[in-house]
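The exercises below are meant for a reader who has not met this structure before. Please look over the sequence and the model, try each task, and then compare your reasoning with the worked solution.

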Amino acid sequence: MLSPTMFPFLLLLVLFPFFTSISQPFRVAASDSIYDNFASCLTKNGIPSGQISNILYSPTNTSFNSVLQAHVRNLRFNTSSTRKPSIIVAPLEIPHVQAAVLCTKGAGLELKIRSGGHDYEGISYVSDVPFIILDMFNLSSITVDIPSESAWVQAGATVGELYYRIWEKSNAYGFPAGLCPTLGVGGHISGGGYGAMLRRFGLSVDNVLDAQIVDVKGQVLDRKAMGEDLFWAIRGGGGASFGVVLAYKLKLVQVPEIVTVFNVQRTEAENATDILVQWQNVADKIDNGLFIRVLVQPSTSESQKIIRLTFIALYLGDSDSLMSVMNAGFPALGLQKSDCKEGSWIQSMLFWSNFDIGAKPELLLNRTSDVNFLKRKSDYVQTPIPKDALTSIFNKMVQLGKPGLVFNPYGGRMSEIPANETPFPHRAGIIYKIQYSVNWDDASPNITNQYLEQARELYSFTTPYVSSNPRQAFLNYRDLDIGTTDNGKNSYSEGEVYGRKYFKDNFDRLVKVKTVVDPENFFKNEQSIPTLPARSFR
Ligand SMILES: Cc1cc2nc3c(=O)[nH]c(=O)nc-3n(C[C@H](O)[C@H](O)[C@H](O)COP(=O)(O)OP(=O)(O)OC[C@H]3O[C@@H](n4cnc5c(N)ncnc54)[C@H](O)[C@@H]3O)c2cc1C
Ligand SMILES: *[C@@H]1O[C@H](CO)[C@@H](O)[C@H](O)[C@H]1NC(C)=O
Ligand SMILES: *[C@@H]1O[C@H](CO)[C@@H](O)[C@H](O)[C@H]1NC(C)=O
Ligand SMILES: *[C@@H]1O[C@H](CO)[C@@H](O)[C@H](O)[C@H]1NC(C)=O
Ligand SMILES: *[C@@H]1O[C@H](CO)[C@@H](O)[C@H](O)[C@H]1NC(C)=O
Ligand SMILES: *[C@@H]1O[C@H](CO)[C@@H](O)[C@H](O)[C@H]1NC(C)=O
Ligand SMILES: *[C@@H]1O[C@H](CO)[C@@H](O)[C@H](O)[C@H]1NC(C)=O
């Protein structure tokens, strides 16, 4: 029997964990002791104290805020009410990562791993529970080896640094990864990674040869030591469910000396919708050296509520050859030779970053970028959207006023790679991916809510025209609207909701790998891979 006098005591025991996580004063008061305990744990794990003072930041350190904010890429998570980490560890050497994993586990805190910080929902540096950030930005070395057509790149390097280091050695090579130079290699590649060469070469993960990871036991493993299952999982399944990615070995791809880009706009007065209808029929089938992205944007002008389409393209060849591909395959756009700009591949990467094609490649090394408030969502299209449906989507967008869409064509190499080759399942049969995109610069919560709601309303409106059962989504376009798991509980059934959307049938293999490599689910976040439910595991 439970004695009534024990109730208050039991209640306190039950509530205690909540007090520690909710009450701010307690956390701030506790953070110095968290710092001291963490520092002494690092010492026990062989890190010299002289090094610890260079890598460990408590909230009272003068540079805590600047380190934290340096890799925030979405201002929604840069507010005073955003939960802050108890400490930040910014390793300078691999043993720092190993010790940080062991000490975070020992402290019973959650570990958030951050490389470039571009996660659209900020889950690499925000949490609802007390947490530590493992900030990888300083592990950023890049070794390019042209004779073997490969490069080792550490997780904290940016893709802009990668492109630059390749170009320094040879302008005959490139790598198929993202279009924003500040993307971090650790999150970008482990989440799939695509860029304007995906129709010729596939995703970043289709061009990974080896990797280095720190597992839950603090061990450093390469491809051979981790085995093919884990090596498979960290090529599109998201690194953060499995361990800390230290580096990837990449297979470089050959790029022509001259490539061509263009950016042309069309409105309805220029038959934009008809052009888009033809685009849907050809964009995934045309020469696989040609990638034509379409931006669909409502005009911001009050007097002229119209939709504007912008066709932005990379062609792996010169403009004469592009013109013949376009005239044969996509005449509706009416591309003129004067619309085309020729340059080297590295110059095309400057073009995608909105720099002039003649700008200095050094601009790709700039880690400071202009940051907005952001929301993104994603969809996959398997059947061309009929013209009248496109018109009604455009009308909806004009009515909402803010969200835009980005159509990214697939096909080519993307269709040749089997859907289970990597965790990324969106291969043959996908015509294009849609990104829902809202950017704004007003911090007021009402504005934020209004724009989040607009994105959701547009997403709801397009339901009949996109993939279903599951409604597929791209992991790198992180969207917590499609489901989250309660970190503490790691519910398999909750994980399966977003897991099937991101990975389709590959979810099952990811769960098996997860259950083997991290059975106690230390590496977790709002949308991590769950372990198998205990019953089926035994
Ligand atoms: C401006 C902008 C442009 C973008 N353009 C593209 C694009 O062209 N192509 C594309 O594919 N995507 C694009 N994205 C999406 C981008 O690829 C993802 O946000 C990606 O996860 C970013 O990686 P990161 O290291 O910068 O992010 P982070 O926020 O640091 O990490 C993202 C996720 O990966 C985990 N993670 C990070 N580092 C590691 C590590 N070392 N080991 C294990 N887990 C780790 C984090 O914990 C988090 O879950 C863009 C995003 C933005 C904001
Ligand atoms: C953080 O503050 C502690 C205590 O003042 C100091 O020893 C340490 O060097 C600081 N860390 C960094 C990275 O500046
Ligand atoms: C984030 O917030 C801080 C404090 O308000 C501010 O100083 C900083 O400029 C902000 N970061 C960006 C990128 O705007
Ligand atoms: C990494 O740390 C070193 C030494 O502290 C510093 O010189 C360098 O600028 C840092 N690199 C980055 C990318 O912050
Ligand atoms: C738009 O289509 C109409 C009807 O097919 C055609 O007459 C007109 O020339 C087209 N306009 C442009 C700018 O192509
Ligand atoms: C880096 O980019 C930021 C943001 O666009 C800009 O303000 C800054 O001048 C750039 N720095 C260099 C060296 O180009
Ligand atoms: C924000 O929204 C709330 C609830 O809709 C409303 O009561 C409040 O007046 C709004 N605030 C501003 C500044 O618009």
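**Exercise 1. Determine the handedness with which α6 passes α12, and describe the packing of the two helices.**

Solution. The crossing of α6 past α12 is left-handed, a term used when the near helix is turned anticlockwise from the far one by less than a right angle, whereas clockwise gives right-handed. The model is a predicted one, in which local features need pLDDT of at least 70 and side-chain atom pairs count only at pLDDT 80 or more, while totals for chains, interfaces and linings use all residues. Residues are numbered from 1 along each chain as its sequence is written, chains are lettered from A and ligands numbered from 1 in the order in which they are written, and side-chain values use heavy atoms, with hydrogens and water left out.

Next, locate the helices: α6 covers residues 159-169 and α12 covers residues 345-352, and they pack at an angle of about 160° with axes 10 Å apart. Helices are DSSP runs (H or I, at least four residues) and strands likewise (E, at least two), numbered from the N terminus; axes are lines fitted to C-alpha atoms, for helices over the stretch in contact, and angles run from 0 to 180 degrees between N-to-C directions. α6 is therefore roughly antiparallel to α12, given that angles over 145 degrees count as roughly antiparallel, under 35 as roughly parallel, 65 to 115 as roughly perpendicular and the rest as oblique.

Finally, Tyr 163, Tyr 164 and Trp 167 of α6 make the contact with Trp 345, Ile 346 and Met 349 of α12, where contact means heavy atoms within 4.5 Å. By class, these are 6 nonpolar, no polar and no charged residues; Ala, Val, Leu, Ile, Met, Phe, Trp, Tyr, Cys and Pro count as nonpolar, Asp, Glu, Lys and Arg as charged, and the others, Gly among them, as polar.

**Exercise 2. Work out how α13 is oriented to α15 and to α10.**

Solution. Begin with α13 (residues 387-400) and α15 (residues 445-461), whose axes come within 11 Å and cross at roughly 165°. The two helices are therefore roughly antiparallel to each other, and α13 passes α15 in a right-handed crossing. On the α13 side the meeting residues include Ile 393, Met 397 and Leu 400, and on the α15 side they include Leu 458 and Phe 461. The contact of α13 with α15 has 5 nonpolar, 3 polar and 2 charged residues.

Turn then to α10 and α13, which pack at about 120° with their axes 10 Å apart. These helices are therefore oblique to each other, and their crossing is right-handed. Among the residues that meet are Leu 276 and Val 277 in α10 and Leu 390 and Phe 394 in α13, and the contact divides into 4 nonpolar, 3 polar and 2 charged residues.

**Exercise 3. Find which peptide bond is cis, and which residue has a positive phi although it is not a glycine.**

Solution. The cis peptide bond joins Asn 469 and Pro 470, with omega about 0°, and Pro 470 sits in the loop between α15 and α16 (492-503). The positive phi, about 65°, belongs to Asn 271, which is placed in the loop between β12 (259-267) and α10 (272-282).
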